Amino acid sequence: SNERIGVLVMSYGTPESLDGVEEYYTHIRRGNPPTPELLDELKGRYEAVVGGVFPLRENTNNQVAALQKTLDAAAPGRYVCYQGLKHARPYIEDGVEAMAKDGITKAIGIVLAPHYSMMSVGGYIKRAKEKAGELGVAMSFVESYHLHPKLIEALVDRVVGKLGEFDRSQPIKVLFSAHSLPERIREMGDPYEKQLLETSEAVANKAGVADWSFTWQSAGRTHEPWLGPDILDTLKELADQGMKQVLSAPVGFVSDHLEVLYDLDIEAKAVSADLDIHFERIDMLNTDAFYMEALAESVVDKDEWKA
Ligand code: FEC
């Protein structure tokens with residue numbers, strides 16, 4: 001049939017300007033406004049990275065446009081992409097509403113994050129499902145794609161490429177990382193950790209990397225315990241062991257944004273410099289062609305309405 005299928009492409013979202021940081025932070029904190037100290041601290045991080053520009057917005061726009069092109073090449077005219085953001089406009093609910101307005105009754109949701117956790121991707125899906133149910137849009141979801149061969153290939157290319165910039169005659173540690181989550185996800189039997197280790201291992205094996213480990217980053221500023229060790233502690237530990245070269249591979253993220261450009265490129269790099277460690281990071285996927293194909297193939301796989 002020539003029915004059009006909606007594709008709700010979901011991403012974290014970022015403010016549009018420094019003035020929007022308070023609303024954004026309040027949304028992340030489920031309606032609780034941050035203290036002035038926390039707000040200033042977050043604004044300071046945005047300013048340190050990009051002087052008030054928010055790269056995640058343009059990167060998400062570019063990723064959605066590139067995915068549309070990739071889907072058009074695979075199945076001309078069948079899929080129409082809509083954007084839905086977790087913490088900024090257009091919100092997930094806005095994306096579902098836009099589909100319904102365009103007369104779309106069947107849709108597939110996918111998140112621009114490869115690993116499933118109830119506290120991350122699960123939250124995106126829950127909100128989309130709720131709105132779709134209200135508006136009579138039938139939806140299915142890609143929950144994860146952390147071992148898609150083209151995702152792995154794209155990451156392997158980046159690891160191998162960046163290793164070329166190190167002194168190969170000396171030891172190099174590859175540090176895979178992802179956003180930490182509260183430790184209580186363990187009691188909930190969450191697949192997040194296992195999936196992250198599977199991605200890391202697949203990339204390390206294919207890239208021929210023997211010396212690697214996985215570490216967490218960007219833990220939230222709350223009182224409950226978060227998954228560790230944090231990358232800053234891991235770097236200290238490595239320095240104690242005499243390691244002088246580290247390649248950072250943040251496989252839990254797919255785009256240039258604050259958690260990479262600040263937490264790794266500024267914070268982890270400065271800590272490394274103090275520890276006399278040469279620290280580099282792999283390039284992010286952004287609109288990488290293999291990544292776009294991994295997304296497009298995952299969407300087409302979920303299309304239960306195709307002939
Ligand atoms: O560039 C940007 O403007 C946005 C960068 C950004 C990304 C991102 C991805 C993830 N987060 C995840 C979980 C949490 C949990 C909390 C939390 C808090 C923040 C804060 C900022 C922030 N996150 Fe985020 N996250 C990004 C930015 N995140 C800013 C608030 C200040 C701070 O704590 O640093 C804690 C919420 C709470 O307080 O209760 C939990 C996860 C991901 C990766 C998966 C995904 O992309 O959805 C998981 C990008």
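The shell around the ligand in this predicted model divides into 10 nonpolar, 7 polar and 3 charged residues. In total, 20 residues surround the ligand. The closest are Thr 14, Ser 120, Gly 220, His 257 and Leu 258. Two elements give two or more residues to this shell, namely helix H1 (21-28) and helix H9 (258-261).

**Annotated positions**

The UniProt record, an unreviewed entry, places the feature "binding site" at His 179 and Glu 259. These two positions span 81 residues in sequence, yet their C-alpha atoms are not more than 8.1 Å apart, so they gather at one spot. His 179 belongs to strand S5, which covers residues 173-179.

Under "binding site", UniProt (unreviewed entry) also lists Tyr 12, Arg 29, Arg 45, Tyr 46 and Tyr 124. These residues are spread over 113 residues of sequence and are spread in space as well, with up to 25.2 Å between C-alpha atoms. One of them, Tyr 12, sits in the loop between S1 and H1. Another, Tyr 124, is among the H5 residues that meet H4.

**The sheet**

Four strands form an open sheet in the order S2-S1-S3-S4, with parallel pairing. Its edges are strand S2 (79-85) and strand S4 (138-141), each of which pairs on one side only. From one strand to the next, the twist averages 25 degrees. Strand S1 (residues 5-11) and strand S3 (residues 106-111) run parallel and are joined by 5 bridges. Within this pairing, Gly 6 has Ala 107 in S3 as its bridge partner.

Two helices lie across strands of the sheet. Helix H3 (residues 55-74) lies across S1 and S2, and runs at about 160 degrees to S2. Helix H5 lies across S1, S2, S3 and S4, running at about 160 degrees to S3.

**Packing of H4 and H5**

Two packed helices are described by the angle between their axes and the distance between the axes. For helix H4 (residues 92-101) and helix H5 (residues 121-135), the angle is about 35 degrees and the axes are 9 Å apart. Their crossing is right-handed. On the H4 side, the contact involves Ile 92, Glu 93, Val 96, Glu 97 and Ala 100. From H5 come Tyr 124, Arg 127, Ala 128, Lys 131, Ala 132 and Leu 135. By class, the contact of H4 with H5 has 7 nonpolar and 4 charged residues, and no polar ones.

**Backbone details**

The model contains cis peptide bonds before Pro 90 and before Pro 229, set out below with the loops that hold these prolines.

| Cis peptide bond | Omega | Loop holding the proline |
|---|---|---|
| Arg 89 to Pro 90 | about -5 degrees | Pro 90: between S2 and H4 |
| Gly 228 to Pro 229 | near 5 degrees | Pro 229: between strand S6 (212-217) and helix H8 (231-240) |

A further backbone feature concerns Arg 30, where phi is near 50 degrees, a positive value in a residue other than glycine. Arg 30 lies in the loop between H1 and helix H2 (36-50). Helix H1, at one end of that loop, is also one of the elements that give two or more residues to the shell around the ligand.

Note on methods. Residues are numbered from 1 along each chain as its sequence is written. This is a predicted model: local features need pLDDT of at least 70, side-chain atom pairs count only at pLDDT 80 or more; totals for chains, interfaces and linings use all residues. Axes are lines fitted to C-alpha atoms, for helices over the stretch in contact, and angles run from 0 to 180 degrees between N-to-C directions. A crossing is left-handed if the near helix is turned anticlockwise from the far one by less than a right angle, and right-handed if clockwise. Two residues are in contact if their C-beta atoms, placed from the backbone, lie within 7 Å. Ala, Val, Leu, Ile, Met, Phe, Trp, Tyr, Cys and Pro count as nonpolar, Asp, Glu, Lys and Arg as charged, and the others, Gly among them, as polar. Two strands pair if DSSP finds at least two bridges between them. A residue is near a molecule or strand if its C-beta atom, placed from the backbone, lies within 6 Å of it. UniProt positions are given in the numbering used here, feature names are shortened, and annotations may be inferred rather than shown by experiment.
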